[in-house]
Amino acid sequence: MPQNDDVRFTLSSIKLPLFSPPPPLHHHTPNPFLHLILQNLPKFPHPFHKKTEISHTLFKFPHPFHQKFNPQNAILQFLTKPRNINPSPLLCCASIALTQNNLDGPKAGSGNEERVLISEVLVRNKDGEELERKDLESEALNALKACRPNSALTVREVQEDVHRIVSSGYFCSCMPVAVDTRDGIRLVFQVEPNQEFHGLVCEGANVLPARFIEDSFRDGYGKIVNIKRIDEIINSINGWYMERGLFGAVSGIEMLSGGMVKLEISEAEVNNIAIRFLDRTGEPTVGKTRPETILRQLTTKKGQVYSMLQGKRDVDTVLAMGIMEDVSIIPQPAGDTGKVDLVMNVVERKSGGGISAGGGISSGITSGPLTGLIGSCAIYHKNLFGRNQKLNLSLERGQIDSIFRINYTDPWIEGDDKRTSRSIMMQNSRTPGTLVHNQPDGSLTIGRVTAGIEYSRPFRPKWNGTAGIMFQRAGARDDKGSPIIRDYYSSPLTASGNTHDDMLLAKLETVYTGSGDPGSSVFVFNMDQGLPVWSEWLVFNRVNARARKGLALGPMHLLLSFSGGHVVGNFPPHEAFAIGGTNSVRGYEEGAVGSGRSYVVGCGEVSFPLMGPVEGAVFADYGTDLGSGSSVPGDPAGPRRKPGSGYGCGVGIRVDSPLGPLRLEYAFNDQRTGRFHFGVGLRN
């Protein structure tokens, strides 16, 4: 169809009626305002309504889609209208049928209504002439149900067929006329067709795409306007707004001269957004958080058409700050401007800081489950200076592991419009070195002192990037805490030959997260580059990537995961990629498959529901160091006879918990030995 140049769009101010404030949009109740559009946007008469006209010889029925139209009342008005000397032929015939018993033609009673025999039924224009378009005549005749030639009709049946003709959508008026001829009574329906559609004017559509409206009306150009089709278009436009949770609807439609249709859209723009602090009883109070800290989190801005779905996301975003106990949004009319004011009610947590304690399990411990237990405690503040800034001092302590960390985070740097966050960290840790350098004569730990700063920001939907710089000093210690530079097999434990290695690392990380649901798609790529600031500082490049993809197979769920990495340059041997264990190749102890400069690990897992929150799983893992074990400084894998590659398969169960899935698994490896594994959360 050729492009129509008669469509144009103009903007105009709108007015929405006042409405009572709806119940608050609470984060626990998804989309509770979806009824608001239907309840509070204006109720509009159907398009192209024409006033009822009554004359001595002509009666036009109002359009049947108008909400005030009552065909029965219209007929009664028609029958009771005072008549002059030249009454309507139909009224005359009806009167004759009611009052003259000697009228020719059979009659049949139906209750108290008299019937009149009709010999012929015709459709004509309002002047009584034949319609130029025979297709419209056919539409009118096809709409008739009771009025047929040689049928005995009541006034009510004629009334109903008049309504059916107008309800077909092609006609704006219909007048029944009865003519007494020598062959009998001829019933003529004098109709007035709607105009042909030749153009469109749309006002007030700020967010509704022009192409959407053009496509809706495109197939009607040059055709008679059909009210039923217009009604479908109105429902389609209103549905477009409802699907997107937008406060908008068709507020009016009018047929102009020349076949032009004027479409009016009402959209409620956001006039103002205010923050109101409440206590737990719902009474107003003074908040500790700065209002601008909350407002900057909102994607809803002044001048936008209010979206309930966007408001729901804003509620979730404010709750994710971790400093609010409850959040809700209440739309209110902004006077008679046709706009809407938003009030966000927030209930702050009782205290922005505190002390916490907990425990965990280290997956790097292989000498027994009890030795892997870790206790932790932390002192924290989640809302420094009322700006949602976080300060955390934490200590984790186990028989082997220990981590002391000071971390300061500003989730959104003031003055930045890209949602950039900043994190400053200092850490002193001791972790097992047995993943690479397991010792038959005692434990070995790796001590690290780390300090650095990182910046992070979203750069695309579902994509996040992090860049930073970090200083690290790392060295090995024996079970007595004394520094050592060689392991049991005389392999070096540092790259520099000293008791510790110093390095300044430039860090870069990119993360993609799908829907955020467990098992959804995840991709992580990170790179560390050692900078040669001092001659003794290590220079190397390390890249690492991992990906996870979940697929639904009916009631079952397939989870595929992949990870791989490579190191170039002079790096500490204890930083080699360790293969094997709970989050690598199950069926092996931690790091028992290999310790390489490169590695690849793949996993396939099918889970299926068993009972309630419990799921079963069948899995298979494979990992290899790609033959790079001997290229690690000191070749720690060679003396320990690590195979360099291996696979495992087994079964397990999953139990949902607030910490994530609890995993208990049993796997056999390719050396025909089995092993239990316990983990929390999805595989890394």
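The legends below describe close-up views of side-chain contacts in a predicted model.

**View 1. Aromatic pair Trp463 and Tyr512.**
The structure holds 14 aromatic pairs. In the pair shown here, the rings of Trp463 and Tyr512 have centres 5.1 Å apart and planes at 50°, so the pair is tilted. The contact links distant parts of the chain, with Trp463 in strand β21 (residues 463-477) and Tyr512 in strand β23 (residues 501-513), 49 residues apart. Trp463 is partly exposed, at a relative accessible area of 26%, and Tyr512 is partly exposed at 22%. Both rings belong to one aromatic cluster, formed by Phe459, Trp463, Tyr512 and Phe523.

**View 2. Aromatic pair Phe577 and Tyr599.**
Phe577 and Tyr599 form a tilted aromatic pair, 4.8 Å from centre to centre with 35° between the planes. Phe577 lies in strand β27 (residues 577-579) and Tyr599 in strand β29 (residues 598-611), so the pair ties together parts that are 22 residues apart in sequence. Both Phe577 and Tyr599 are buried.

**View 3. Arg296 over the ring of Trp412.**
Arg296 lies over the face of Trp412, at 4.2 Å from the ring centre.

**View 4. Arg586 between the ring of Phe619 and the side chain of Asp621.**
The charged end of Arg586 sits over the ring of Phe619, 3.8 Å from its centre. Arg586 also forms a salt bridge with Asp621, at 2.7 Å from N to O. This salt bridge links distant parts of the chain: Asp621 is in strand β30 (residues 614-624), Arg586 is in the loop between β27 and β28 (594-596), and the two are 35 residues apart. Asp621 and Arg586 are both buried. The two residues are part of a network of salt bridges that links Arg586, Glu605, Asp621, Arg654, Arg663 and Glu665.

**View 5. Salt bridge within helix α5.**
The structure holds 31 salt bridges. One of them joins the side chains of Asp161 and Arg164, at 2.5 Å from N to O. Both residues lie in helix α5 (residues 155-167), 3 residues apart, which is about one turn of the helix. Asp161 is buried, with a relative accessible area of 0%, whereas Arg164 counts as partly exposed at 26%.

**View 6. Salt bridge between Arg133 and Asp135.**
The closest N and O atoms of Arg133 and Asp135 are 2.9 Å apart. Arg133 is partly exposed, with a relative accessible area of 30%. Asp135 is also partly exposed, at 39%.

**View 7. Nonpolar patch on the surface.**
The patch is formed by Leu610, Met611, Ile653, Leu659, Leu664, Phe676, Phe678 and Val680, which together have about 870 Å² of accessible area. Strands β29 and β33 (674-680) each supply at least two of the patch residues. Strand β33 gives the most, with 3 residues. Met611 lies in strand β29 and counts as exposed, at 63% relative accessibility.

**View 8. Buried cysteines Cys172 and Cys174.**
The count of disulfides in the structure is 0. Cys174 is in no disulfide, and the nearest cysteine sulfur, that of Cys147, is 9.4 Å away. Cys174 is buried, with a relative accessible area of 1%. Cys172 is likewise buried, with a relative accessible area of 7%.

Technical notes. Residues are numbered from 1 along each chain as its sequence is written. This is a predicted model: local features need pLDDT of at least 70, side-chain atom pairs count only at pLDDT 80 or more; totals for chains, interfaces and linings use all residues. Side-chain values use heavy atoms; hydrogens and water are left out. Rings of Phe, Tyr and Trp (its six-membered ring) pair if their centres lie within 6.5 Å; planes under 30 degrees apart count as stacked, over 60 as edge-to-face and the rest as tilted. Helices (H or I, at least four residues) and strands (E, at least two) are DSSP runs, numbered from the N terminus. Buried means under 20% relative accessible area, exposed over 50%, partly exposed in between (1.4 Å probe, protein chains only). A charge sits over a ring if NZ of Lys or CZ of Arg is within 6 Å of the ring centre and within 35 degrees of the ring normal. Patches are made of residues with over 30% relative accessible area and no salt bridge: like charges are joined within 9 Å, nonpolar side chains (Val, Leu, Ile, Met, Phe, Trp, Tyr) within 5 Å. Accessible areas come from the Shrake-Rupley method with a 1.4 Å probe; for residues, only the protein chains shown count as cover. A salt bridge is a side-chain nitrogen of Lys or Arg within 4 Å of a carboxyl oxygen of Asp or Glu. A disulfide is a pair of cysteine sulfur atoms within 2.5 Å.
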